[in-house]
Amino acid sequence: MAAGRVLAWLMICDPPEQSAGQIAEAIGASRASLATSMRLLIDAGFVRRRTRPGQKTHYYQVDDDAWERVVRRRVAGLAAFREITAAGMDLAGPDPARTRRLRVAHDVFDWMDQAFATMPGPRHEGDTDEA
């Protein structure tokens with residue numbers, strides 16, 4: 001998949017900001033394939049597009065916090081299902097037999113939301129325990 005190759009290249013390239021032409025050349029992708037991949041990676045939050053002052057060329061980069069940002073956004077999206085399952089249980093009424101599958105799903109989404117909310121952020125090379 002071209003998007004995987006683009007992401008891999010942007011994680012190891014030097015300089016970290018690359019133009020579409022530089023990326024296409026490095027990974028051997030067509031401009032059309034690259035455009036689709038860039039749109040996907042930007043929409044997912046992995047890649048940012050920037051311009052340099054006085055230039056029209058767009059440059060693409062994976063920021064150091066991209067992975068954490070993407071994971072947090074995905075977890076928040078999944079946690080939103082907790083409200084959906086709660087609404088479903090309200091609609092279904094008090095019968096536990098009718099709401100069993102909703103309750104199981106709700107409990108998983110609730111657990112995930114609570115666990116992630118209390119989880120410390122990722123540690124990176126060079127981090128210290130000092131605040």
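**Working through a predicted model**

Phe81 is partly exposed, with a relative accessible area of 38%. (Buried means under 20% relative accessible area, exposed over 50%, and partly exposed in between, with a 1.4 Å probe and protein chains only.) Keep in mind that this is a predicted model, where local features need pLDDT of at least 70 and side-chain atom pairs count only at pLDDT 80 or more, while totals for chains, interfaces and linings use all residues. Residues are numbered from 1 along each chain as its sequence is written, and side-chain values use heavy atoms, with hydrogens and water left out.

**Exercise 1. Work out how the rings of Phe81 and Phe109 are arranged.**

Step 1: A search of the whole structure turns up two aromatic pairs. (Rings of Phe, Tyr and Trp, the last by its six-membered ring, pair if their centres lie within 6.5 Å; planes under 30 degrees apart count as stacked, over 60 as edge-to-face and the rest as tilted.)

Step 2: For Phe81 and Phe109, the ring centres are 5.5 Å apart and the planes meet at 25°, so this pair is stacked.

Step 3: Now place them: Phe81 sits in helix H5 (residues 81–92) and Phe109 in helix H6 (residues 96–118), so to speak 28 residues apart, and the pair links distant parts of the chain. (Helices, H or I with at least four residues, and strands, E with at least two, are DSSP runs numbered from the N terminus.)

Step 4: Check the cover. Phe109 is buried at 17% relative accessibility, whereas Phe81 is partly exposed at 38%.

**Exercise 2. Find which salt bridge joins helix H6 to helix H5 through Asp113.**

Step 1: Start with the rule: a side-chain nitrogen of Lys or Arg must be within 4 Å of a carboxyl oxygen of Asp or Glu. The count by this rule is ten salt bridges.

Step 2: Asp113 pairs with Arg82, their closest N and O atoms being 2.5 Å apart. Asp113 belongs to helix H6 and Arg82 to helix H5, so the pair ties together parts that are 31 residues apart in sequence.

Step 3: Arg82 counts as buried at 18%, while Asp113 is partly exposed at 25%.

Step 4: For contrast, try Arg103 and Asp107, whose closest N and O atoms are 3.4 Å apart. These two are four residues apart in helix H6, about one helical turn.

**Exercise 3. Trace how strand E3 pairs with its neighbours.**

Step 1: Strand E1 (residues 18–19) and strand E3 (residues 58–61) pair antiparallel over two bridges. (Strands pair if DSSP finds at least two bridges between them.) Gln18 is opposite Tyr60 in this pairing.

Step 2: Strand E2 (residues 48–51) is also antiparallel to E3, with four bridges. Here Arg50 has Tyr59 as its bridge partner.

Step 3: Look at the hairpin of E2 and E3: six residues lie between the strands, and Gly54 takes a positive phi near 80°.

**Exercise 4. Pin down what Arg52 contacts.**

Step 1: Arg52 lies over the face of Tyr59, 3.7 Å from the ring centre. (The test asks for NZ of Lys or CZ of Arg within 6 Å of the ring centre and within 35 degrees of the ring normal.)

Step 2: Arg52 also forms a salt bridge with Glu17, with closest N and O atoms 3.5 Å apart. Glu17 is in the loop between helix H1 (2–12) and E1, and Arg52 in the loop between E2 and E3, so the pair ties together parts 35 residues apart in sequence.

Step 3: Arg52 is partly exposed, at 31% relative accessibility.
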